[in-house]
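Reader: I'd love a close look at one part of this structure: the places where nonpolar side chains gather. Could you walk me through them?

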Amino acid sequence: MGVFELASKIVKYILIGIVYLFILRVVKMVYLDISDTKRARRVITDGMAYLKLSSRRRSKEYKLYDSYAVRENTTIGRSRKNDICIPDPFLSASHARIYFADGEFYLEDLGSTNGTLYNGKYIGNYTVTLKSGDKVGFGNITFTFIETDDE
Amino acid sequence: MKFRFGAVSMVLLFNIICFGLLYFYPGADTRELIMAVGIICALILGTYIIVYAFNLGDPYPFLTVAMLSSMSIIMLYSVGIKQMAEIENPSVSLMPIAKAQLKWFICGIGVFFASYAIYRLIKGWEKFTYFYMGMALMLYLISLIGPLKSPVQGVHNWVKLGPVKLQVSEFIKLCYCFAMASLFCRKTKLTGFKEKLYGIAREDVVSTVFVYMCLGFFILQRELGTALLFFFVYLALMMLYDVPFVMPLGNIAAVALGVLLLYSMGKIDYVMSRVEIWRDPGIDPAGAGYQITKSLEAICSGGYFGTGLGLSPAYTFPVIESDMIFSAICYEMGIFMGFAIIMIYFILSYRGFKIAIEVSEPFDKALALTMIISIAGQAFIIIGGVTKMIPLTGITMPFVSAGGSSMIVCFAMLGILTAISHKKDKSKLQVDKM
């Protein structure tokens, strides 16, 4: 009995240590998890340019992110095939396209039902050149187009 | 994906050290202990790897639960071994309870995967409100009348199903969570309920009637802890879903009035005696106050670091395997372990709330909230009870107390919570794709 008693009296400190270490590790993992999602969000803006959300409807039916990356050829629409998928009922399945050619970004409507707005005006069938700071609207959602400077 | 083994290895190490220590207890059944530690470690590691590798959802709730349940099994084995060595013919034999707890843990892991799969495969859970309510009503009736009822110490809460005795209140809790979630998920912050009946939303009427029906049945069953828990969940949901502040206050007033009425009729003397014992356990330390006196004695004698595993006389205490297991853990492993358990419950509820915030579907959100509030509330009621913070009511400590129904229902809730957290992962993947 004596040996067991001695062992138990030593081991109890180790046990408490282990459990607190466990709690510490779980908290650390949770923390890493949180910073991981933050990093994922930063990657979105890591393209040549991005669309920054400037207005939105008061709806929580779907998730909208604060910014979406714009690359050399970016399609926007409701369907999941698009590079930027926004499941808003006012958007067409493939709504618009932003592409990069000769050092400029161009915005073009892909025959959407509700049209695409450029600085408050419908662009119709025209293709417009985008400059940093321009307002681009699809459905009820308005974005600000921003080119990153470090090119 | 990178595996993170840091936390799960701590759980395994904890199990191995504890069982390794008990192995050297003079007269212990060593084969049984080796088998137990093998099964526990294999199940925990296996489940963790499956959840991680197949990306089934959030692994953290399972990790915290693995720690809690292994603590429970170790504690029961420890007091069981000590009792076998000290007493010849005990009134309550603890060793079979420990073995049963191990079996229920194995079942629990099975239930975890089963409920996970069922919840993900079946769609449209929010439509069956009246089915959940009917199930709850049926369970009440089975426990009160009918051939299956088998009350224990005046509590009409047990049903005998062949060789196993089940506590129906645990299963009613699951029905209750689903019913409340399906009612409250129709509510949005801006519009409230759409269908109105005489100016009051239909869902509000249904949920109020259902809650008070549950409370009434629990008073008939003499199951007060669960009644308190149900009311707590209801109040929390009302506050979360932005019902005008009149509703929670009105409900509190209604319950207070009901309690007063029942008190004046002399129907709930057993409640009042518990409140008196809570205010001063000294008035009847050997009778009604026996449990709370012993619980406080256990926590005090344990001190900061406890007596060490297998060294305390905790096996002589009443209901050590269920209500008082927190006191027993404090006795043998110290109050620091008690703090650790409370912290683990905090982490579990934090993850639960986080899952509820991140999912977008209203029913998933409401269900995750209801389940996590009920788990956290249950832990609060029983830990508060044994530490004499609130009156002691018999309720199980989720994942820690011995008992089949409690383990199965808690693991089912954990499975559903993990299934809900998987939906959050899907929306996150979309971000990564872009």
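Author: Happy to; here is a tour of the nonpolar residues, from the inside out.

Keep in mind that this is a predicted model. Its largest nonpolar core has 156 residues. Those with the most contacts inside this core are A:Phe22, B:Phe14, B:Tyr77, B:Met337 and B:Leu367. Helix α3 of chain B, residues 60-86, gives the largest share of the core, with 15 residues.

A:Phe22 makes a good place to zoom in. Leaving aside residues up to four places away in sequence, A:Phe22 touches seven residues of chain B by name: B:Ala7, B:Met10, B:Val11, B:Leu63, B:Thr64, B:Met67 and B:Ile344. Apart from the largest core lies another one, of 24 residues, and among them are A:Ala49, A:Tyr68, A:Phe143 and A:Phe145.

Some background on chain A helps here. Chain A has 1 helix and 11 strands, and the helix comes before the strands when counted from the N terminus. Of its 151 residues, 42% count as buried. Among chain A contacts between residues at least 6 apart in sequence, 38% join residues at least 24 apart. The accessible surface of chain A is about 8,700 Å², and carbon and sulfur atoms account for 52% of that.

In soluble globular proteins, nonpolar side chains tend to be buried together. Still, there is a nonpolar patch on the surface, about 410 Å², made by B:Met239, B:Phe245, B:Leu249 and B:Ile252. B:Met239 sits in helix α8 of chain B, residues 224-240. B:Met239 counts as partly exposed because its relative accessibility is 47%, between the 20% and 50% cut-offs.

Technical notes
Residues numbered from 1 in each chain as written. Chains lettered and ligands numbered in written order. Predicted model: local features only at pLDDT ≥ 70, side-chain atom pairs only at ≥ 80, totals over all residues. Heavy atoms only, no water. Core = buried A, V, L, I, M, F, W, Y, C linked by side-chain atoms within 4.5 Å. Buried < 20%, exposed > 50% of the residue type's maximum accessible area, 1.4 Å probe, protein only. Helix = DSSP H or I, 4+ residues; strand = E, 2+ residues; numbered from the N terminus. Contact = heavy atoms within 4.5 Å. Patch = residues over 30% accessible without salt bridge, like charges linked within 9 Å, V, L, I, M, F, W, Y side chains within 5 Å. Areas by Shrake-Rupley, 256 points an atom, 1.4 Å probe, with all protein chains shown as cover. Salt bridge = Lys/Arg side-chain N within 4 Å of Asp/Glu carboxyl O.
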